[in-house]
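User: Got a minute to go through this one with me? I'd like a quick tour before I set anything up.

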Amino acid sequence: MLIALSILLFVVLYTLAAVYAERKVSAFIQDRLGPMETGKFGWLQTLADILKMIQKENIVPSAADRRLFLIAPVIIFVSVYMGFAAIPIAPSLIGTSSNMGVFYILAIISIEVVGFLMVGWGSNNKYALYGATRSVAQIVSYEIPAGIAIISAVMLSQSLNMNEISVNQGILSNETIKFFGIWDITHIGGFLAWNIFQAPHLLIAFAVYFIAALAESNRAPFDVPEAESELIAGFHIEYTGIRFALVFLAEYGMMLLVSMVAVVLFLGGWNTLLPNIGSLQLAIWTTGTFWGVFWIISKSLFLVLIQMWIRWTLPRFRVDQLMGFCWKVLTPLAFACLFISGIWRLLVM
Amino acid sequence: MLKTAFYILAVITVLSAMYVVVCKNLARAVFVFFATLFCLAGIYVFAFADFVAITQIMVYVGGIVVLMLFGIMLSNRQLLNFLVDEKNETRFFSLNKTGAFLLSATVFIGLIRMITMANVANLKWLKDAVSSQQYYTGFENSPQIIGVQTMTNYLLPFEAASVYLLAVLIGAAYLARKKKIG
């Protein structure tokens with residue numbers, strides 16, 4: 001219960017910070033200043049935005065399906081929030097340590113799709129319906145490379161339990177860990193023990209997962225569902241006030257969730273970045289509950305920052321390019337990783 | 001606490017399933033069907049079938065419901081309006097529905113009779129399992145057990161299912177192909 005509440009609080013605060021960061025990052029990338037007026041460096045801007053959203057009138061279009069329209073943003077946000085339950089935050093800190101954590105997260109993310117369709121249908125608006133349809137087509141297609149990339153990491157850990165996967169990537173592991181399958185580093189740990197360095201082909205799997213995750217959270221360059229130039233704002237066009245804030249919260253929550261999943265599966269989860277070097281026991285000093293929280297959050301926030309960087313650097317894909325990229329590039333790559341994982345597990349580990 | 005959760009899930013499942021049958025707005029019915037399937041997944045968890053529960057969410061919620069919604073969205077709205085427009089002379093019961101009414105009543109009574117006859121609390125195999133301590137506690141690594149079982153004892157049905165699915169896939173691709181004009 002305490003973990004659930006603190007995650008909720010964290011997601012809300014993180015979103016406030018992330019929206020501000022997004023504006024500043026975009027401004028720096030495009031050589032602008034970004035928000036400057038509200039507070040020093042505009043750091044009160046998102047707070048002002050939230051105040052505005054809370055007091056805004058809650059408009060339901062008269063042609064909309066009232067109940068679906070009102071409940072849809074809640075479903076979108078709750079489905080994202082439920083995903084955090086299976087994320088291990090520190091060696092002994094996890095919402096529910098289930099034996100099917102990875103599978104659970106994959107399933108829960110797919111509920112979001114129903115929320116999008118509900119928004120699109122409930123709004124009874126051409127643009128919203130197009131946005132929702134595009135978003136669903138995109139998420140459903142990109143679930144395949146994402147899922148297969150995840151499986152190729154899971155095959156090496158031999159567990160669907162997120163906490164066990166994390167344990168197997170650091171000095172707390174009970175198994176022998178080898179850097180690139182050659183060098184025994186069970187007692188050295190650090191970044192050398194992360195999954196992507198245990199088996200080099202997981203670097204490709206990580207890249208596939210990260211790209212697919214961008215598409216699953218509807219972020220540029222995969223933001224055709226909310227393409228401003230053609231669909232105005234996409235599926236959430238009819239929403240105002242607090243419900244719009246919920247959709248926004250879900251988008252940023254999704255960014256954090258997919259980053260956290262990537263961190264747990266490929267980048268060592270709550271394990272430390274620093275290896276033991278001789279008598280300098282950096283890995284042992286920086287492993288623990290507090291450090292675990294610090295590492296997983298800083299790693300995932302770094303990935304979120306990369307997502308923002310990509311958004312403001314790359315132009316938007318066309319719909320057919322998007323699907324072609326998914327089916328012709330990412331899916332075969334993910335299958336190749338899966339194949340190598342099987343051989344790696346049998347021959348190297 | 002657990003019992004309350006179970007009853008809440010059960011009541012939502014039954015009520016939403018009824019709403020799906022009665023509701024004349026097709027899109028809304030599918031969204032309520034989503035609630036039915038989701039609560040059903042919750043009930044699976046109570047039966048220690050957590051793997052089935054998550055598969056239920058993955059396949060039915062993420063797949064079937066979305067497919068149904070796409071079907072509705074891609075079809076013409078006017079085509080579905082006859083459901084809403086159709087007015088019954090009597091709201092509750094009309095004579096030409098007697099057959100349907102009798103059939104459903106028979107099935108309902110049959111099911112109730114089956115539950116009462118089964119005498120679930122005194123089943124022999126249940127008692128044997130409890131006395132020999134061979135029961136599921138919920139802490140087993142069920143994906144691993146399922147994986148080992150599918151690859152050993154149930155390999156033939158598993159392979160048969162995969163061949164069947166491949167055939168379905170090829171059939172679907174064949175149906176959806178570009179047709180030659182002329």
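User: Which residues touch the most other members of the largest nonpolar core?
Analyst: Keep in mind that this is a predicted model. The largest nonpolar core has 118 residues, and V114(A), L117(A), A149(A), Y209(A), A212(A) and A262(A) touch the most other members.

User: And which helix gives the most to this core?
Analyst: Helix α10 of chain A, residues 241-266, which puts in 17 residues.

User: Pick A149(A). What is A149(A) in contact with, leaving aside its neighbours within four places in sequence?
Analyst: A149(A) contacts A205(A), V208(A), Y209(A), A212(A), A334(A) and C337(A). Two of those partners, Y209(A) and A212(A), are also on the list of residues that touch the most other core members.

User: What does UniProt list as "transmembrane region" in chain A?
Analyst: The unreviewed UniProt entry lists residues 68-90, 102-123, 135-156, 244-270, 290-310 and 322-344 of chain A. Take residues 102-123 of chain A: that span is 100% helix and 0% strand, with its end C-alpha atoms 33 Å apart. Residues 135-156 of chain A are also 100% helix and 0% strand, and there the end C-alpha atoms lie 32 Å apart.

User: And which residues of chain B does that annotation cover?
Analyst: For chain B, the unreviewed UniProt entry gives 6-22, 29-47, 53-74, 95-116 and 154-176. Residues 6-22 of chain B are 100% helix and 0% strand, with 24 Å between the end C-alpha atoms. Residues 154-176 of chain B come out at 91% helix and 0% strand, with end C-alpha atoms 33 Å apart.

User: How many helices and strands does chain B have?
Analyst: 8 helices and 0 strands. From the N terminus on, the order is just α-α-α-α-α-α-α-α.

User: Ha, easy to remember. Where do the domains of chain B fall?
Analyst: Chain B is split into domain 1 (1-87), domain 2 (95-140) and domain 3 (142-182). The centres of domain 2 and domain 3 of chain B, taken over C-alpha atoms, are 32 Å apart.

User: What share of chain B is buried?
Analyst: Buried residues make up 13% of the 182 residues in chain B. On the contact side, among pairs in chain B with a separation of 6 or more, 53% are between residues 24 or more positions apart.

User: Switching to the interface. How many residues does each chain bring to the contact?
Analyst: Chain B brings 18 residues and chain A brings 20. On the chain B side, α2 (26-46), α3 (50-74) and α7 (142-151) each supply at least two residues. The largest share there is from α3(B), with 11 residues. By class, the side of chain B that touches chain A has 13 nonpolar, 3 polar and 2 charged residues.

User: What ipTM and pTM does the predictor give the complex?
Analyst: An ipTM of 0.79 and a pTM of 0.86.

User: And what's the mean pLDDT of chain A?
Analyst: Chain A has a mean pLDDT of 83, and 99% of its residues reach 70 or more. Chain B averages 83, with 88% of the residues scoring at least 70.

User: Which elements of chain B have the lowest and highest mean pLDDT?
Analyst: α4(B) has the lowest, at 63, and helix α8 of chain B (residues 155-175) has the highest, at 93. In chain A, the lowest is helix α9 (residues 228-231) at 69 and the highest is helix α8 (residues 201-216) at 89. Where pLDDT is low, don't read the predicted coordinates in detail.

User: Backbone oddities next. Which residue in the loop between α5 and α6 of chain A has a positive phi?
Analyst: Q158(A), with phi near 60 degrees. That loop runs between α5 (126-157) and α6 (162-167) of chain A. Most residues other than glycine have a negative phi. F48(B) also has a phi near 60 degrees, and F48(B) lies in the loop between α2 and α3 of chain B.

User: Why does F48(B) count as partly exposed?
Analyst: Because F48(B) has 15 C-beta neighbours inside 10 Å. Q158(A) counts as partly exposed because the number there is 13.

User: Last one: is L95(B) buried or exposed?
Analyst: Exposed, because L95(B) has 7 C-beta neighbours inside 10 Å. L95(B) lies in the loop between α4 (77-85) and α5 (98-118) of chain B. L95(B) is 70 residues from N25(B) in sequence, and their C-alpha atoms are 25 Å apart in space.

Methods. Residues are numbered from 1 along each chain as its sequence is written. Chains are lettered from A and ligands numbered from 1 in the order in which they are written. This is a predicted model: local features need pLDDT of at least 70, side-chain atom pairs count only at pLDDT 80 or more; totals for chains, interfaces and linings use all residues. UniProt positions are given in the numbering used here, feature names are shortened, and annotations may be inferred rather than shown by experiment. Helices (H or I, at least four residues) and strands (E, at least two) are DSSP runs, numbered from the N terminus. A residue is buried if 20 or more other C-beta atoms lie within 10 Å of its own, exposed if 12 or fewer, and partly exposed in between; C-beta atoms are placed from the backbone. Two residues are in contact if their C-beta atoms, placed from the backbone, lie within 7 Å. Ala, Val, Leu, Ile, Met, Phe, Trp, Tyr, Cys and Pro count as nonpolar, Asp, Glu, Lys and Arg as charged, and the others, Gly among them, as polar. pLDDT is the predictor's confidence in each residue, from 0 to 100. Domain bounds come from an automatic or database domain assignment. A nonpolar core is a set of buried Ala, Val, Leu, Ile, Met, Phe, Trp, Tyr and Cys residues joined through C-beta atoms within 7 Å.
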